[in-house]
Amino acid sequence: MTELLITLDNLSIGYNGQPVLTGLSLSITRASFTAILGANGSGKSTLLKTLLGLLPPVAGRIDIASAGVPLTFGYVPQSNQFDPVYLLTAFEVALMGAYGRIRVGHLIPPAERAFTRECLRAVGAEDFSHKRFAELSGGQQQRVLIARALTTRPDVLVLDEPTAGVDREATTAVLEFITEICKEKKITVLLVTHDFSAVRHHAEKVIWLHEGKVYQGAVDELLTTERMAEIFEIGMG
Amino acid sequence: METLQQILSIDFLLRNSLYTSVLVGFACPLVGVFLVMRRLVFMGVALPQISSTGVAIALSLPLWLGFKLTEHGSHSAHALAFVGSITFSLTAILVLAFMERRGRGQPEGRLGSAYVVAAALSILVLSKNPYGEIGWLDMLKGEVITISNFDLVLTAATLTLVLAALGLFHKELLLVSFDREMAIILRKNVVFWDSLLYLLIGLTVSMAVLSVGPLIAFGFLLIPALAAHQYARNMRQFTLLASLIGGATAFLGFLIAYRWDLPVGPTDVVLLGVLYAIGWLTAKLLQGD
């Protein structure tokens, strides 16, 4: 039986009590790969932030747990949001993913350092792990942030446009790696993107936010020419 | 060399002043590193001044209430000054940080106004206080001369507490500063860690202002961290180098001030400025700009 990890029931999301999107009902199962599509301002980031607990829901119900145990999220934000004044190495940034497991006031155990190195190696970031994070290219920073998300040992990997500003080749490599590792470790993926091609190749399910409405379904069903024309016609009213 | 031997002697008359300066020199940059990273440099300017206003008001309070504080530098006056300093520092840092978080208005304008109003208020309060004429103004100007054993122990204990907290909770404080969203996702109580950091900044500023005055406190909070940032390659180097620059400058500044009979506070700050300028020029030359 497929295990439900995230259930949204008639959820309204927004900022300061002002809804951006209402009547959101959907469910996400374990080890699935879901893409969230939508134009700028459609509410993608608001939805992501609500799921991550960064924003409170305006109304409705949100269940995020597996057998009553809270889920661990690995979050990959856009890399350009970090201040270069922090002299952190790529390794130090990736290691932060382990902080959730280390008790307050305790030293970082060698096992956590070794695991962080393993994650960096897995994403192909080992060679530049000693370099300053702020001095890495966009693609390299994204790899480090993916390594940091994996270091959290996540149930759900949340990626906010992880390939923005990254070339096509690197995008494919990153998404292929994510698909592979998430299948292997049964990690659920939520990917926010504008990249239709990436969604077609990697995602199983799509949540499409368009002019205040939510469309969802399997990639094969929703991203057909007919269905997309239908959505845009509805949108253009 | 003779001066160096003199100030290093165990019988040196101003040894408490030297120890306190060096303690403040080592400790303030460790807090200053967080001010620089969180882009709160202006707060580093305003806080010592606001803290010194707290000292001025606290020391004037008995006078306004009709009590008489006869012994300058007594434990009760010092305790009163400490309470005033810490109350003003913490209130100011919490209010300013809260306004910063809301992201409205101009932070530089708020901090600049807070600084200038606090400075003016200190002068006004002390000008009407007979004790201010005697010694308190000297303290606020950074004349590190009369530091009792009690003052030294209080400074050392407070700064040790701050250092211990910074060391123990370094991971959490760094995470909350670098990536607040990640900290929330990892279920860290960001309000608690922010408040703890502000408490540590407030304690350090209050202690430094009380021991060596706002001028040195301001200088040691920011300049060593800014100087170290030019050369450090990672966070460990940044923190250690900033602290080392602060401690070494405090010692050297004291030596120069003692040798040529100069006030310690301004000597330290000018020395820090010169070191920062040399460091900046060297860094630029090395980069080939």
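These are my notebook entries on a predicted model with chains A and B.

**Entry 1: chain A as a whole**

I began with the secondary structure of chain A and counted eight helices and ten strands. I then looked up the extent of the chain: along the principal axes, the C-alpha atoms of chain A fill a box of roughly 55 × 40 × 40 Å. I compared the radius of gyration with the expectation for a compact globule. For 237 residues that expectation is near 18 Å, and chain A has 18 Å, so the two agree. Of the 237 residues, 41% count as buried. I also looked at how far apart in sequence the contacting residues are. Among contacts in chain A between residues at least 6 apart, 68% join residues at least 24 apart.

**Entry 2: chain B as a whole**

I repeated the survey for chain B. Its secondary structure comes to 13 helices and zero strands, and read from the N terminus the elements are accordingly α throughout. The C-alpha trace of chain B spans about 55 × 50 × 35 Å along its principal axes. For 289 residues a compact globule would have a radius of gyration near 19 Å; chain B has 19 Å, so I recorded agreement here. I noted that 47% of the 289 residues of chain B count as buried. Of the contacts in chain B with a separation of 6 or more, 78% are between residues 24 or more positions apart.

**Entry 3: where the chains meet**

I next asked how many residues each chain gives to the contact. Chain B gives 21 residues and chain A gives 19 residues. On the side of chain B that touches chain A, I found four helices that each supply at least two residues: α2 (15–37), α8 (170–178), α9 (180–185) and α12 (235–259). Sorted by class, the residues on this side of chain B are 13 nonpolar, one polar and seven charged.

**Entry 4: helices α8 and α10 of chain B**

Since α8(B) appeared among the helices that touch chain A, I examined its packing within chain B. Its partner is helix α10 (residues 190–212) of chain B, and the two pack at an angle of about 105° with their axes 10 Å apart. That angle makes α8(B) roughly perpendicular to α10(B). From α8(B), the residues E172(B), L173(B) and V176(B) take part; they meet V190(B), W193(B), D194(B) and L197(B) of α10(B). I classed the residues of this contact as five nonpolar, no polar and two charged.

**Entry 5: helices α3 and α5 of chain B**

I turned to a second helix pair, α3 (residues 41–64) and α5 (residues 107–127) of chain B. These pack at an angle of about 25°, and their axes are 8 Å apart. Angles under 35 degrees count as roughly parallel, and α3(B) and α5(B) are therefore described as roughly parallel to each other. Their crossing is left-handed. Residues of α3(B) in the contact include F42(B), M43(B), I50(B) and I57(B), while those of α5(B) include P107(B), L111(B), Y115(B) and L126(B). By class, this contact has 16 nonpolar, five polar and one charged residues.

**Entry 6: three single residues**

I first located T3(B), which is found in helix α1 (residues 2–8) of chain B. Is T3(B) buried or exposed? T3(B) is exposed, because 12 other C-beta atoms lie within 10 Å, and a residue counts as exposed at 12 or fewer. Not counting residues up to four places away in sequence, T3(B) touches L255(B), Y258(B) and R259(B). The C-alpha atoms of T3(B) and P214(B) are separated by 27 Å, with their places 211 residues apart along the chain.

I then took A283(B), which lies in helix α13 (residues 264–287) of chain B. With 14 C-beta neighbours inside 10 Å, A283(B) counts as partly exposed. Leaving aside neighbours within four places in sequence, A283(B) is in contact with Q230(B) and Y231(B). A283(B) and Y231(B) are 52 residues apart in sequence and 7.5 Å apart in space, C-alpha to C-alpha.

My last residue was in chain A. D195(A) sits in the loop between β8 (188–192) and α6 (196–202). I recorded D195(A) as partly exposed because 19 other C-beta atoms lie within 10 Å, whereas a buried residue has 20 or more. From D195(A) to T50(A) I noted 145 residues in sequence and 22 Å in space, C-alpha to C-alpha.

Conventions: Residues numbered from 1 in each chain as written. Chains lettered and ligands numbered in written order. Predicted model: local features only at pLDDT ≥ 70, side-chain atom pairs only at ≥ 80, totals over all residues. Contact = placed C-beta atoms within 7 Å. Nonpolar A, V, L, I, M, F, W, Y, C, P; charged D, E, K, R; others polar. Rg over C-alpha atoms; globule rule 2.2 N^0.38 Å. Axes fitted to C-alpha atoms, helices over the stretch in contact; angles between N-to-C directions. Parallel < 35°, antiparallel > 145°, perpendicular 65-115°, else oblique. Left-handed = near helix turned anticlockwise from the far one by under 90°.
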